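Please open the structure in your viewer and keep the sequence panel beside it. The tour below goes from one selection to the next, with a short account of what is there at each stop.

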Amino acid sequence: MDKRGLFGNCMTPNDIIVEQIGLSLETFQMAAESLSDILIQASEMATECLINDGKLVVAGMGTSASTGSNFVSKLQSQFERDRPGLPALSLSTDGIVTSAIAHEFGPGEIYAQQIRSLCHSPDIFVAISSSGKSPAVIKAIQAAHDQGITVIALTGGSGGDVATLLDENDIELRVESDRLGCIQLTHHLLLNMLVELIENQIFGYEL
């Protein structure tokens, strides 16, 4: 057996690690070059919402749900500084609520029904979908628009159906990659930066 062992002619573990890190760094650099101004705009919109007694309402499916809940935890708690919590809500975390809605209205309604029940202007809906094709997220965006709620959408690839639903008042942070892992990591990074930008705008910039 050669030094590649069980991997034969496939990539070795070291090859995979180097490739994944390289692809992620390339995607991060792309985001820095193409999304910085849009991210600042999103932070200003979110800050305006929060200082006017609104809240950020967040949802996604699968890994995107986890990413969204992580974002909410940093807003409600702390991130890079000591400061009061900020109002944010994850629609993905209460399994009893989502299962009840899925049972009564269908799985595609698990977020839309919560938005109808809980949200009003000046709230902002933060929609996270790596593919831009999640039916539950799409229906949630439609419900948000019906409620007069602005959307900040994090998408990937071509933006999918999510991108086609957004109107002139919404913001899209699109990671133009065909690698799911790179999109998900970049969404996490973008939301970390969004928290820090919001912190600085509300509580002042730390030197």
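How closely do the axes of helix H3 (residues 63-76) and H8 come, and at roughly what angle do they cross? Before you select them, bear in mind that this is a predicted model. With both helices displayed, the axes come within 10 Å and cross at roughly 15°. Because angles under 35 degrees count as roughly parallel, H3 is roughly parallel to H8. The crossing of these two helices, H3 and H8, is right-handed. To see the residues that meet, show Thr-63, Thr-67, Asn-70, Phe-71, Lys-74 and Leu-75 in H3, and on the other side Gln-184, His-187, His-188, Leu-191, Asn-192, Leu-194, Val-195 and Ile-198 in H8.

**Helix H2 against H8**

Keep H8 (residues 180-203) on screen and add helix H2 (residues 36-51), whose axis comes within 9 Å of that of H8 and crosses it at roughly 55°. H2 and H8 are therefore oblique to each other, and their crossing is right-handed. On the H2 side the contact is made by Leu-39, Ala-42, Ser-43, Glu-44, Ala-46, Thr-47, Leu-50 and Ile-51, while H8 contributes Leu-190, Met-193, Leu-194, Leu-197, Ile-198, Gln-201 and Ile-202.

**His-187 and Leu-173**

Now select His-187, which is placed in helix H8. Is His-187 buried or exposed? At 1% relative accessibility, His-187 counts as buried. If you leave aside its neighbours within four places in sequence, the residues in contact with His-187 are Thr-67, Ile-128, Ser-129, Ser-130, Leu-154, Thr-155, Gly-156, Leu-173 and Val-175.

From that list, move to Leu-173, which is found in strand S5 (residues 171-175) and which also counts as buried, at 1% relative accessibility. Not counting residues up to four places away in sequence, Leu-173 touches Leu-35, Ile-38, Leu-39, Ile-152, Ala-153, Leu-154, Thr-155, His-187 and Leu-190. A distance drawn from the C-alpha of Leu-173 to the C-alpha of Gly-156 should read 8.3 Å, for two residues that are 17 apart in sequence.

**The ends of helix H4**

Next, select helix H4 (residues 95-105) and look at its start, where a side-chain oxygen of Asp-94 reaches to within 3.1 Å of the backbone nitrogen of Ile-96. H4 is followed by Gly-106, whose phi is positive, near 105°.

**Glu-109, Gln-113 and Arg-116**

Continue along the chain to Glu-109, which lies in the loop between H4 and H5 and counts as buried at 15% relative accessibility. Which side chain makes a polar contact with that of Glu-109? The partner is the side chain of Arg-116, at 3.0 Å. Apart from neighbours within four places in sequence, Glu-109 is in contact with Ile-101, Arg-116 and Lys-139.

Then add Gln-113, which is placed in helix H5 and whose side chain makes a polar contact with the side chain of Arg-116 (3.0 Å). Not counting residues up to four places away in sequence, Gln-113 touches Ile-101 and Phe-105. For a sense of the fold around this stop, Gln-113 and Ala-144 are 31 residues apart in sequence and 10.0 Å apart in space, C-alpha to C-alpha.

**Two backbone details in loops**

Where is the cis peptide bond to be found? Zoom in on Ser-121 and Pro-122, which are joined by this bond with an omega of about 15°, and note that Pro-122 lies in the loop between helix H5 (112-118) and strand S3 (124-128).

For another loop, turn to Asp-53, between H2 and strand S1 (56-60). The phi of Asp-53 is near 65°, a positive value in a residue other than glycine, and Asp-53 counts as exposed at 71% relative accessibility.

**The cysteines**

Finally, colour the cysteines. How many disulfides does a search of the whole structure find? The search finds 0. The sulfur of Cys-119 is 9.9 Å from the closest cysteine sulfur, in Cys-49, too far for a bond, and Cys-119 is buried with a relative accessible area of 6%. For Cys-182, the closest cysteine sulfur is in Cys-10 at 20 Å, again too far for a bond, and Cys-182 counts as buried at 2% relative accessibility.

Technical notes
Residues are numbered from 1 along each chain as its sequence is written. This is a predicted model: local features need pLDDT of at least 70, side-chain atom pairs count only at pLDDT 80 or more; totals for chains, interfaces and linings use all residues. Side-chain values use heavy atoms; hydrogens and water are left out. A polar contact is a pair of N or O atoms within 3.5 Å; within protein, one must be able to donate a hydrogen and the other to accept it, and residues adjacent in sequence count only if both atoms are side-chain atoms. Helices (H or I, at least four residues) and strands (E, at least two) are DSSP runs, numbered from the N terminus. A disulfide is a pair of cysteine sulfur atoms within 2.5 Å. Buried means under 20% relative accessible area, exposed over 50%, partly exposed in between (1.4 Å probe, protein chains only). Axes are lines fitted to C-alpha atoms, for helices over the stretch in contact, and angles run from 0 to 180 degrees between N-to-C directions. Angles under 35 degrees count as roughly parallel, over 145 as roughly antiparallel, 65 to 115 as roughly perpendicular and the rest as oblique. A crossing is left-handed if the near helix is turned anticlockwise from the far one by less than a right angle, and right-handed if clockwise. Contact means heavy atoms within 4.5 Å.
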